[in-house]
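Please open the model in your viewer and keep a selection panel at hand, since this tour moves from the whole chain to single contacts.

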Amino acid sequence: MKKWSKSFRIWHWLHALVVLSLIGTVLLRKTFLSYKTNSEILIGQLVNMDINITVAQAKTLAKAVRAPMWEWHILLGYALSVLLLIRLLLFFTQSGRNGFGALGGNDLHKKLVSTGYIGIYLVLTFMSMSGLLITFHQDLGLSKAAAHDIKEIHEAIFNVVWIFVVFHIGGLIVAENRDDQGLISDMINGGMNNRSM
C-alpha cells in the first residue's frame, strides 16, 4: 500500500509551489522591486532626461511598476487559503495523518519534526487569515490603521515561513543522505507504507 496517496502528493507539490512563489514575491518586493530603491533610480534617470519629479511622484511610479507582481502575491494567498482547507480535509485520510504518527512515539527527533509541521501549519493559517484581513479590511469594517498593524505582524511572521522552508529542504537533504533515504522519491511516487518514517 502506498504511504502517500496521489491526492496528498498533488496537494504537497501544489502547496510547495504556492509557498515558494509567495516567498519569491516577497523577496522581489524587498529587492529588485523595492519602491524606495526604484524611486531613486527613476529620479536619477529622469533628471538625465531633463525631467524633474518629486520623491512622492517617483515612489508612486515605482509602486505602479511592482503592482502586477503584488497582485500575484494576493492571488497566491487565495490559493494558499484553499490549499490549507484541503489539507484539513486530507487530515482525515491515512496519508494526511502519516506525518503526525511520530507524536506518540519515543523518537525525539521525529516528535520534533511532527511538532514542526503542526507549527508551520498554524503559522501558514495565520498568514492566510491575516492576508485576507489586510486585503478585505474595508469590507470587514477594519480601519486602515488596523490593517497596517495586521500587515506589520504578517510581515514579521513571514520570517518563520522562509526559515521553515530552509530547514525543511536542509532536513530532507540530510535525511536522504543518512537513515531516511527515499523521502523525496516517496513524495513523488507514493512510497510504501511499511517503510520507516
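Begin with the whole chain and its contact map: among contacts between residues at least 6 apart in sequence, 68% join residues at least 24 apart. This is a predicted model, and what follows should be read with that in mind.

Still with everything selected, colour by secondary structure, and the protein shows 7 helices and 0 strands, the elements running α-α-α-α-α-α-α from the N terminus on. The radius of gyration is 21 Å, well over the 16 Å that the globule rule gives for 197 residues, so the protein is more spread out than a compact globule. If you draw a box along the principal axes, the C-alpha atoms fill roughly 70 × 40 × 30 Å. Colouring by accessibility instead, you will find that 30% of the 197 residues count as buried.

Next, select residues 35-48, which form helix H2, together with residues 55-90, which form helix H3; their axes come within 8 Å and cross at roughly 120 degrees. Because the range counted as roughly perpendicular ends at 115 degrees and roughly antiparallel begins over 145, H2 and H3 are oblique to each other. Their crossing is right-handed. To see the contact itself, show side chains for Tyr-35, Asn-38, Ser-39, Leu-42 and Ile-43 on H2, and for Val-55, Ala-58, Lys-59, Leu-61, Ala-62, Lys-63 and Arg-66 on H3. Coloured by class, the contact of H2 with H3 has 7 nonpolar, 2 polar and 3 charged residues.

Now move to residues 108-135, helix H5, and residues 144-176, helix H6, which pack at an angle of about 150 degrees with their axes 9 Å apart. That angle makes H5 roughly antiparallel to H6, and H5 passes H6 in a left-handed crossing. On the H5 side, the residues to display include Gly-116, Tyr-117, Ile-120, Phe-126 and Met-127, while those they meet as a group on H6 include Ala-147, Ile-150, His-154, Phe-158 and Phe-164. Over the contact of H5 with H6, the residues divide into 16 nonpolar, 5 polar and 1 charged.

Keep H5 in view and select Ser-128, which lies in this helix. Is Ser-128 buried or exposed? At 8% relative accessibility, Ser-128 counts as buried. Leaving aside residues up to four places away in sequence, Ser-128 touches Gly-77, Leu-80, Ser-81 and Leu-84. If you also pick His-73, which is 55 residues from Ser-128 along the chain, the two C-alpha atoms are separated by 11 Å.

Finally, return to H6 and add residues 6-30, helix H1; the axes of H1 and H6 come within 11 Å and cross at roughly 125 degrees. That makes H1 oblique to H6, and H1 passes H6 in a left-handed crossing. Which residues should be shown on each side of this contact? From H1, select His-12, Val-19, Leu-20, Ile-23, Val-26, Arg-29 and Lys-30, which meet Lys-151, Glu-155, Phe-158, Val-161, Trp-162, Val-165 and His-168 in H6. By class, the residues of the contact of H1 with H6 divide into 8 nonpolar, 2 polar and 4 charged. As a last selection, take Phe-158 of H6, which is listed in the contact with H5 and also in the contact with H1.

Key
Residues are numbered from 1 along each chain as its sequence is written. This is a predicted model: local features need pLDDT of at least 70, side-chain atom pairs count only at pLDDT 80 or more; totals for chains, interfaces and linings use all residues. Side-chain values use heavy atoms; hydrogens and water are left out. Axes are lines fitted to C-alpha atoms, for helices over the stretch in contact, and angles run from 0 to 180 degrees between N-to-C directions. Helices (H or I, at least four residues) and strands (E, at least two) are DSSP runs, numbered from the N terminus. Angles under 35 degrees count as roughly parallel, over 145 as roughly antiparallel, 65 to 115 as roughly perpendicular and the rest as oblique. A crossing is left-handed if the near helix is turned anticlockwise from the far one by less than a right angle, and right-handed if clockwise. Contact means heavy atoms within 4.5 Å. Ala, Val, Leu, Ile, Met, Phe, Trp, Tyr, Cys and Pro count as nonpolar, Asp, Glu, Lys and Arg as charged, and the others, Gly among them, as polar. Buried means under 20% relative accessible area, exposed over 50%, partly exposed in between (1.4 Å probe, protein chains only). The radius of gyration is taken over C-alpha atoms; the globule rule is 2.2 Å times the number of residues to the power 0.38.
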